[in-house]
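Work through the exercises below with the sequence and the structure at hand. Each task is followed by a solution in steps.

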Amino acid sequence: MSEYIKVNKHKFVIIGLSFLAIGIWSVSFRLPDSKLHVKVLSVGQGDSIFIRTPSGYKILVDGGPDDKVLPLLGEELPFYDKSLDLVVATHPQADHIGGLVDVVKRYNVKNIWTSYSESQTQVYSQWRQVLGENNLKTTSVFAGDKMIFPDGLELSVVWPRGKSSYTDSNTTAVVIQIDYKEFEGLLSSDADQQVQPYESGVSDIEFLKVPHHGSKTALKKEYLAKLSPQISVISAGEKNRYGHPNKLLLDMLQNAGTKVFRTDQQGSVEIVSDGTNWYTKTER
Amino acid sequence: MSLTATGLILIRSHLFKSGEGIELINEGQVRIQGMVNEEPRQRGQRLYFNFQGYHITTSIYTKLTHGDIIALDGQSNSKEQIYFPKIEKIGREAGFWVSLSDFRTRIKDKIDSFLPEPQSSLLSGVLLGVDEGLPKDFDSALRKTGTIHVVVVSGYNIGVVGGFFISLSSLLKRRWAIVAALLAIIFYTFLTGAAAPTVRAAIMGGLAFFATALGRQNWPIYALLLSAFIMLLVDPTLVSEISFQLSFMATAGIILFKDYLSNFLKKIPSPFGEDLAVTVSAQALVVPLIFFHFGQVSPISPIVNALILWTIPFVTYIGFGIAFFSFAFEPFARLLSFIAWVPLTIFIWVVEIFSKVPASLIQIPKQNFLVLVSFYLVLGVIIFSLLKYVRIYKSK
């Protein structure tokens with residue numbers, strides 16, 4: 001054995017060094033670059049948005065329907081990093097929290113924001129159970145709640161306004177406004193027409209995650225005109241059975257002059273900003 | 001013979017169905033209580049398992065594991081399938097198999113907490129033989145490139161495990177190295193859950209491997225034939241099981257052709273040439289079976305396998321270390337998993353690139369006997385003429 005190592009010394013050194021090189025290279029692409037990254041992940045029919053702040057805080061808003069989010073999240077983080085600073089479960093529906101069940105199991109999650117609404121579904125009880133098993137505390141957030149990061153990024157909750165009785169849990173969905181210097185974005189989950197406008201006076205934003213996978217009732221026309229987003233991203237699954245995104249809504253977006261991206265056609269969509277300028281990257 | 005075989009199957013399924021705890025309410029409506037006797041398989045958002053003779057499909061949010069005692073309430077169709085029944089967990093059975101399953105789950109959970117996807121489930125696949133957690137896209141990339149076998153424990157994995165200890169021969173006495181290899185193979189078989197197809201692959205692969213290690217030229221094929229013969233004697237219905245046919249043919253192919261092929265391919269640098277020889281020789285006999293049963297074969301499979309098989313021994317040995325240290329000293333297990341990340345990532349990278357090759361699957365209708373027979377005939381002729389050529393060449 002020791003003889004074998006002696007003879008093949010060079011081989012071991014070369015293999016060791018090339019392993020190290022591959023490791024370092026892969027990490028270098030995933031470290032903070034003092035820019036804000038917001039990536040709408042292509043998780044199929046559902047929502048999942050990954051945010052990396054300029055100094056490298058990691059936030060996941062929803063997790064899509066299943067474990068499809070895991071390899072996508074794996075690509076965003078260095079291989080040794082299994083932690084997230086904030087996870088948001090916008091409301092208790094399977095296409096938003098299904099994947100989060102696996103995420104909180106495998107990742108070390110520091111903060112969890114949720115909607116106040118609850119559900120009788122299997123996936124929701126699974127979610128509560130996993131939270132319990134891992135001793136994770138959640139905070140129900142309402143409009144006015146905020147998380148301010150040292151690098152200047154602000155995440156503000158702009159919906160729900162407060163607790164009220166509901167029949168459609170979409171109306172309880174947590175909507176988050178992203179502010180970084182002059183860059184403004186809205187992650188609107190499934191909060192559709194019924195609850196618009198949200199509790200925010202924001203207008204002329206850069207980025208909108210279109211509510212409710214681009215359903216027919218996703219947006220009020222006048223509210224869209226006010227927001228007037230430069231780009232709009234629709235997160236929907238290829239050939240989904242709901243017919244999302246709706247044709248009328250697509251027309252409305254087009255007439256509003258916003259550039260539309262769709263995860264069912266372009267895969268994951270990323271927007272990168274230094275606070276003044278921004279650009280987009282798509283998977284396909 | 002075929003009559004007896006059908007008889008056996010019938011009696012068996014009858015025994016299963018009349019098991020305790022099954023209540024037939026009316027037309028297809030069943031209520032069953034009992035233990036989940038296998039690890040449910042996950043695909044996408046669905047969970048599949050066999051339960052007291054029924055095939056159950058449920059949602060992944062019904063988390064179930066081997067050993068759970070459940071009460072199930074559902075509608076069975078004519079094929080004994082029950083879709084999305086009401087399932088209630090009542091308790092948990094104790095015993096060796098359940099403990100083994102818990103042990104495996106614990107290692108898998110640790111690996112999941114160390115590594116991102118799809119690296120973590122690939123490692124669990126190679127090490128524990130669990131292929132249910134594979135991300136869907138990656139799973140189909142593996143199938144397209146003909147590399148899914150690395151996450152389904154096969155004779156190849158058994159050879160990898162045994163080979164490591166034989167390579168320690170210079171350190172240990174040869175006899176002890178062989179004993180260590182034998183113990184390692186047994187341990188590995190249990191680590192992978194010791195399901196019937198795995199045990200058969202381990203017996204066939206292991207025996208052939210030892211016969212090779214002992215160094216008599218014709219022993220491996222005799223060992224393989226003997227083990228297959230004994231298994232068939234115990235259970236003749238095995239002959240119709242796909243996993244049995246594949247294990248047998250792959251092992252036979254490697255025994256018969258590998259040495260010739262590696263000689264032929266020795267210009268290709270190690271380890272790629274050697275891996276190509278292993279893959280091609282195994283596939284020579286397996287490909288027609290795959291065509292026959294599944295109707296599709298990946299023609300790029302030998303190239304992809306040649307490019308990536310070298311990573312599997314690395315992953316397996318480091319994986320043993322991870323499994324051990326995840327119980328003994330976790331930080332070290334984490335460190336080892338970072339080392340394993342590199343070969344895993346190379347593997348994934350190559351598979352993903354090749355899975356994008358257009359039309360990487362050849363498809364023909366299933367169950368075509370003519371193709372099966374003519375393939376073996378052509379192969380026979382080629383081998384025969386090659387052997388003749390070798391003989392003439394040698395006698396010169």
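**Exercise 1. Charged pairs between the chains**

Find how many salt bridges cross the interface of chain B and chain A, and give the closest N and O distance for the one formed by Asp112(B).

Solution. Step one is the count: in this predicted model, the rule finds 2 salt bridges across the interface of chain B and chain A. Step two is the background: side chains of opposite charge can pair when their charged atoms come close. Step three applies the cut-off, under which a side-chain nitrogen of Lys or Arg must lie within 4 Å of a carboxyl oxygen of Asp or Glu. The partner of Asp112(B) is Arg106(A), and their closest N and O atoms are 3.2 Å apart, so the pair meets the cut-off of 4 Å.

**Exercise 2. The interface as a whole**

Describe the contact between chain B and chain A: which residues take part, how much area is buried, and which elements of chain B contribute?

Solution. Begin with the residues: chain B brings 29 residues into contact with 25 residues of chain A. The buried area between the two chains is about 2,300 Å², and carbon and sulfur atoms give 63% of it. On the chain B side, 27% of the area buried against chain A is supplied by Tyr61(B), Glu117(B) and Trp341(B), more than any other three residues.

Next come the polar links. Across this interface there are 5 residue pairs in polar contact, both residues being at pLDDT 80 or more. Two elements of chain B, α2 (96–114) and α13 (330–355), give two or more residues to the side that touches chain A. Of the elements, α13(B) gives the most, with 6 residues. Sorted by class, that side of chain B holds 16 nonpolar, 8 polar and 5 charged residues.

**Exercise 3. Two domains in chain A**

State where the domains of chain A lie and what the contact between them consists of.

Solution. The division is into domain 1, residues 1–30, and domain 2, residues 31–282. Their contact takes 6 residues from domain 1 of chain A and 10 residues from domain 2 of chain A. Taken over C-alpha atoms, the centres of the two domains are separated by 41 Å.

Now look at the area and the pairs. Domain 1 and domain 2 of chain A bury about 540 Å² between them, with 60% of this on carbon and sulfur atoms. The count of salt bridges between these domains is 0, while 3 residue pairs are in polar contact, both members at pLDDT 80 or more. The side of domain 1 that touches domain 2 is made up of 2 nonpolar, 3 polar and 1 charged residues.

**Exercise 4. A sheet in chain A**

Give the strand order of the open sheet of 8 strands in chain A, name its edge strands, and follow one pairing.

Solution. The order is β8-β7-β5-β3-β2-β1-β16-β17, with mixed pairing. At the edges are β8 (139–140) and β17 (278–282) of chain A, each of which pairs on one side only. For the pairing, take β1 (residues 36–40) and β2 (residues 49–52) of chain A: these strands run antiparallel and are joined by 4 bridges. As one residue to trace, Lys39(A) has Phe50(A) in β2(A) as its bridge partner.

**Exercise 5. A salt bridge within a helix**

How far apart along helix α7 of chain A are Lys247(A) and Asp251(A)?

Solution. The two residues are 4 residues apart in helix α7 (residues 247–255) of chain A, and are therefore separated by about one helical turn. Lys247(A) forms a salt bridge with Asp251(A), with 3.2 Å between the closest N and O atoms. The search of the whole structure finds 19 salt bridges over all chains.

**Exercise 6. Backbone details**

Locate the cis peptide bond that ends at Pro160(A), the one that ends at Pro118(B), and the residue Asp62(A) with its positive phi.

Solution.

- The bond joining Trp159(A) and Pro160(A) is cis, with omega about 0°; Pro160(A) sits in the loop between β10 (154–159) and β11 (175–180) of chain A.
- From Glu117(B) to Pro118(B) the peptide bond is cis, with omega near 0°; Pro118(B) lies in the loop between α2 and α3 (119–128) of chain B.
- Asp62(A), a residue other than glycine, has a phi near 65°; Asp62(A) is in the loop between β3 (58–61) and α3 (69–76) of chain A.

Notes
Residues are numbered from 1 along each chain as its sequence is written. Chains are lettered from A and ligands numbered from 1 in the order in which they are written. This is a predicted model: local features need pLDDT of at least 70, side-chain atom pairs count only at pLDDT 80 or more; totals for chains, interfaces and linings use all residues. Side-chain values use heavy atoms; hydrogens and water are left out. Domain bounds come from an automatic or database domain assignment. Contact means heavy atoms within 4.5 Å. Buried area is the accessible area (1.4 Å probe) that two parts lose on being put together, summed over both. A polar contact is a pair of N or O atoms within 3.5 Å; within protein, one must be able to donate a hydrogen and the other to accept it, and residues adjacent in sequence count only if both atoms are side-chain atoms. Ala, Val, Leu, Ile, Met, Phe, Trp, Tyr, Cys and Pro count as nonpolar, Asp, Glu, Lys and Arg as charged, and the others, Gly among them, as polar. Two strands pair if DSSP finds at least two bridges between them.
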